[in-house]
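Open the model in your viewer and get ready to select residues by number. We will go from stop to stop, and at each one I will say what to pick and what is there.

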Amino acid sequence: MKNRFAFQLRYFLFWLLFFCGTRALFLLYQASQTAKLPAGTVAGTFGYGLRLDASAAAYLSVVPFGLVLLGSLLGRRLPTNRLLRFYTAVMGVVVAFLTVADLELYRTWGFRLDATPLQYLNSPAEMAASAGNAPLLLLLGLFAGVLLMGWGLYRLVVGRLPALPAGFGRGRAALVCVLYAALLVVPLRGGVQQIPVNQSDVYFARQPFANHAAVNLPWNVVNSLTQQEADPARYRFLPDSTAQRLVRPLYTYTAPDTVRLLRTARPNVVFIILESFTGKLVAGTGGEAGVTPNLDSLARTGVLFNNIYAAGDRSQKGLVALLSGYPSQPTSGGIIKSPRKTEKLPHLRQALGRVGYSSHYYYGGELAFANMKSYLRAAGYDRLTERENFPRSQQNSKWGAHDHVLFDKVLADLRTQAQPFFVTAFTLSSHEPFEIPIAPKFKGTTETALFRNSVYYTDWALGRFLQAARQQPWYDNTLLVLVADHGHTLPGRSVSEEPAKFRIPLVLAGGALRPEVRGQVRADLGSQTDVAATLLAQLQLPTTDYHWSRNLLRPVHEPSAFYCYTDGFGFITPAGFLAYDNVARQPVIRSRGATQRQVQQGQAYEQLSFADYLGK
């Protein structure tokens, strides 16, 4: 009797111990970050994480508890032990797969696995390319190891379900099973408190990595899948009137728009988006010298903005920020996953199209990736060129056409493109797995070396393009806009929330610039979202539709840059910077000059921009 009805408790304990093992594996895999934590904080990831572990264990125990109940009623007519082992094996494989996938994804993305990868299911080749540098043999070995750990734990802790003792009634046995199932409600909810458990309940430390380690991975994945829309309450901090008062100075100009960089009113515009061109590898933004010599040279003959920050951490977020002047959201997908919303956004293509610009968008990869094509179709580009338009011989093995091939295609087409034109080209070779068709410039086979060489290659391809473009008749009347889609953790392995990961270059160049402005270096603090209003102001076109974009060449009361990462934001002003965790409800990085008012301004910005996103 005792052994039979201790089975449910043993089964629940099995999953708790399994999650302890997978957390230990996570901490070991991220050893460089774990080593920075005090021993008590490492132990705290297990203790504080227990509530979400118990909740996940309870959910995984619902079916087995039901099977034990049915087995008590039906007896030998139900192969209870076989069904229990089959169910546990399937769930074990799923949890082990998620666990191992999360190990490498966290190292790259800086947040625990959630529903984000589902955005890329319609582009499996590109999704595989993103993991191109993952140590697959090591991960396969760890996957097998997690499965072996689970098998051993199950045999040791759970074992077989004993038969009912002779003479013990099935009704009484079923009643005990119902009572056990009822008790599952407590761990399912994470306790007896009014509000069910969530991630914030296991956030216990000031170090974001410690809080992330305390989160139960299967619980996090299922929770993100079941949330159709983010909870607006998480992003509400202040009364709307207070939030508006705090944000208003960020967009209130203090002087007329008098800066004129262009010598012509209607230049052609070639808008080049550089994949992952972090400021850490661009000399003009304080990064390494020698990695981007062509971009650096172009900056010396153009206008360099060296204090610009990406709005988000993914390509699709950067695309919307640059072309629509729209901020990123702290949710995993962003606005681009909802065509109903993106159709309501302003777009540079539309603004220029209204004054006679022809248009063309170039990308060497699949435009279906991350739902980019729906966004670009809504923008109304006259033509879209993507991977299928390039021969296979000119593509790398993962993403698509090499960057020099992309630029060659742009050059060939511009000979017949109707002027004035707005041409957008998005590079891709500096995306994982960093495959390049030229000999590497920098020695080494580390991921950092591969990334550095891929950036160097894209810069080399850019140099070829610029050299040929300067010989074309359209160049003298052309403005070049070069900017990154987002920054990167490399080199230096920046954590997901720190400003260094988001700093990017912005260069305006080309024959349309006035001679006297060439060589300017502007330290104006700003965001990717500000590129749209800055460009439109130089073209003397209206910017009223771009509520979240400001002219970088026109001073405001309080200059700033705002960026989002998953469930958090960064806010930078001339006084200092901070990063704020929405789950922990507190800053996790805060420079000495950052004031409490700055914390509230960041909260206000996120609150109002997220409300705007929900209202689209």
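How many bridges join β12 to strand β13, and in which sense do the two run? There are 4 bridges between β12 and β13 (residues 586-590), and the strands run antiparallel. Strands and helices here are DSSP runs numbered from the N terminus, with at least two residues (E) for a strand and at least four (H or I) for a helix. Two strands pair if DSSP finds at least two bridges between them.

Before moving on, please note that this is a predicted model: local features need pLDDT of at least 70, side-chain atom pairs count only at pLDDT 80 or more, and totals for chains, interfaces and linings use all residues. Residues are numbered from 1 along each chain as its sequence is written, and side-chain values use heavy atoms, with hydrogens and water left out.

**Stop 1: the strands around β12**

Select residues 576-581, which make up strand β12. Of its 6 residues, 5 are buried, where buried means under 20% relative accessible area, exposed over 50%, and partly exposed in between (1.4 Å probe, protein chains only). Now add residues 568-573: this is strand β11, which pairs with β12 in the antiparallel sense over 6 bridges. A hairpin of 2 residues joins β11 to β12. To see one bridge, pick phenylalanine 569 and its partner in β12, tyrosine 580.

Then turn to β13, where arginine 590 is the bridge partner of leucine 578. The hairpin between β12 and β13 has 4 residues in between, and arginine 585 in that turn has a positive phi of about 60 degrees.

**Stop 2: asparagine 582**

Stay in the loop between β12 and β13 and select asparagine 582. Is asparagine 582 buried or exposed? With 1% relative accessibility, asparagine 582 counts as buried. Contact means heavy atoms within 4.5 Å. Not counting residues up to four places away in sequence, asparagine 582 touches several residues, including Arg234, Asp567, Phe569 and Glu606. Show the side chain of glutamate 606 as well: a polar contact of 3.1 Å joins it to the side chain of asparagine 582. A polar contact is a pair of N or O atoms within 3.5 Å; within protein, one must be able to donate a hydrogen and the other to accept it, and residues adjacent in sequence count only if both atoms are side-chain atoms.

**Stop 3: aspartate 567 and arginine 234**

Select aspartate 567 and arginine 234, whose side chains meet in a salt bridge (2.6 Å, N to O). This pair links distant parts of the chain, 333 residues apart: aspartate 567 is in the loop between β10 (561-565) and β11, and arginine 234 is in the loop between α11 (217-226) and α12. Aspartate 567 is buried, at 15% relative accessible area. A salt bridge is a side-chain nitrogen of Lys or Arg within 4 Å of a carboxyl oxygen of Asp or Glu, and the structure holds 19 of them.

**Stop 4: helix α12**

Next, select residues 240-247, helix α12, and highlight its buried residues, Ala243, Leu246 and Val247. Why are these residues on the same side of α12? They cover an arc of only 95 degrees around the axis, which puts them on the same side; the arc is that of the directions from the helix axis to the C-beta atoms. Show α21 (596-615) too, since it is among the elements that cover the buried residues of α12.

**Stop 5: salt bridges within helices**

Go to helix α5 (residues 80-109), where glutamate 104 and arginine 107 lie 3 residues apart, about one turn of the helix. Their side chains meet in a salt bridge (2.3 Å, N to O). Glutamate 104 is buried at 8%, whereas arginine 107 is partly exposed at 23%. Add Glu447 and Arg493 to see a network of salt bridges that links them with Glu104 and Arg107.

For another pair, select lysine 409 and aspartate 413 in helix α18 (residues 403-414). The closest N and O atoms of their salt bridge are 3.6 Å apart.

**Last stop: alanine 299**

Finish in helix α13 (residues 293-300) with alanine 299, which is buried at 9% relative accessible area. Alanine 299 and valine 507 are 208 residues apart in sequence, yet 5.9 Å apart in space, C-alpha to C-alpha.
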